[in-house]
Amino acid sequence: MTESAEEFIDVAQLRVGHYVYMDLGWISHPFPLNSFKIRTRDQIETIRTLGLDRIRYSPQRSDPAPAEPSPAAADSQAPAGRPCAAREPRDTHRELVAEQQASLRKCERLFGEASRAFRQIAESAHARPEDAREGALALVEGMSDKITGEGESCIRLLSEKVGERASLHAINVTVISLLLGRACGLDEAAMRDLGVGALLHDLGQFDLPDRVRYCDDGLSAAEQQTYREHVRYGVEAGKRMKLPKGALLVIGQHHESADGNGYPLRIGSDHMSPAARIVSLVDRYDSLCNPSNPAQALTPYEAMSHLFVQRKQCFDATVLATFVRMMGVYPPGSVIQLSDERYALVVSVNATRPLKPRVIIHDESVPRQNARVVDLGDEPGLGIRRSLRPLQLPKATFDYLSPRQRMCYFFEHGRSFGEEGTV
């Protein structure tokens, strides 16, 4: 294609089927690739929130659909800068909030049950290894059922009160790994091995001294080497439990790297199992968001950017691209500023619509306890302007949105959002 000044199109004229080039830095737009064919109207609406008048495109690679009426016309009566749907009646709003809160409690209850089950598995791994194996298989089967049931699965941010560090990390990695495994097209047997391996990937840490159980920057070289022994301890425990080979590979390879600079064997991506490639990425992401020292935590947005920009050579390219598409550039827990200048907290991402997360918006006219989740997919003129660190928020907004210091995730079904809801 000739890169000429004539090959531009007004953003207002974009249609599904246009092949466009995002001539912006990766962190300046929410798309996983800098060039792509527009597949949905959501992508068009997101481009329109970026402040561009024209965009470069390829006529040869485009097959635009017939022009459609702009959804902006339907919002022409909305207040300037606030392209939101009409406010629902008070009783309807109250019912939605009640449903959202009930669904959140349900997600937190399920997360708590999974955390307790994991602790029992870890505690019985040495004394009753076969019981621990059966417990792990049952827990993973139950979690898998939640993403293979009817409806679309979402990743839901929970409150900080659920779980403690060891179980929180194990459940987070399992939840996200299972969703990513499904997005990568793993079959049922591979999903089972993925789930069990993700759940038990750090099982060997329980055999380490408390001082080195978590790999912090303060560890000496000798202590770091002791920490790395948790991989061997985990594989040995998994063998005593008679885990499937695929799960053992995940435990043994979850600290390996696609570029061959991981440990313990320094193998590259070609020698890692597909499930291990997934867990190595998810484990790193969650460790960036939930380090043992909270002062070192990255926001979900920062963690995603770090993995994609600075560490992409460490991970399988296809798995990383699928992860970005699934989680969105603004994963649950991200603090954002919307295109109308308001602040919001991302609380849920639908794996099939990552550019339109569900958010809680700071609205002084609505008490915090009555705030409801807004699906940006239902707000065609409203997009995300930028991500922020929590401390950049005004105090009143910080208190209202209550950004999490620890990120806890669980499943919810997209179809249930409008029926059961979450907040």
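**Exercise 1. Find the residues in the largest nonpolar core that touch the most other members, and the helix that gives the most to this core.**

Solution. Start with the core itself: in this predicted model, the largest nonpolar core holds 79 residues. Next, look for the members that touch the most others: these are Ile171, Leu199, Leu200, Tyr285, Phe323 and Phe410. Then turn to the helices: α5, spanning residues 165-183, gives the most, with 9 residues. Finally, note that a second, separate core has 14 residues, including Leu338, Ala344, Val374 and Ile384.

**Exercise 2. Which residues does Leu199 touch, leaving out those up to four places away in sequence?**

Solution. Go along the chain in order. You will meet Phe118 and Ile121, then Ala136, Leu139 and Val140. After these come Ala170, Ile171 and Thr174.

**Exercise 3. Work out how helices α7 and α8 are oriented relative to each other.**

Solution. First, locate the pair: α7 covers residues 221-240 and α8 covers residues 245-253. Second, take the geometry: the axes lie 8 Å apart, at an angle of about 165 degrees. Third, apply the cut-off: angles over 145 degrees count as roughly antiparallel, so α7 and α8 are roughly antiparallel to each other. Their crossing is right-handed. To see the meeting point, pick out Val231, Gly234, Val235, Gly238 and Lys239 in α7, which meet Leu248, Ile251 and Gly252 in α8.

**Exercise 4. How many helices and strands does the chain have, and what percentage of its residues is buried?**

Solution. Count the elements: there are 13 helices and 11 strands. Then consider burial: of the 423 residues, 52% are buried.

How values were computed
Residues numbered from 1 in each chain as written. Predicted model: local features only at pLDDT ≥ 70, side-chain atom pairs only at ≥ 80, totals over all residues. Heavy atoms only, no water. Helix = DSSP H or I, 4+ residues; strand = E, 2+ residues; numbered from the N terminus. Buried < 20%, exposed > 50% of the residue type's maximum accessible area, 1.4 Å probe, protein only. Core = buried A, V, L, I, M, F, W, Y, C linked by side-chain atoms within 4.5 Å. Contact = heavy atoms within 4.5 Å. Axes fitted to C-alpha atoms, helices over the stretch in contact; angles between N-to-C directions. Parallel < 35°, antiparallel > 145°, perpendicular 65-115°, else oblique. Left-handed = near helix turned anticlockwise from the far one by under 90°.
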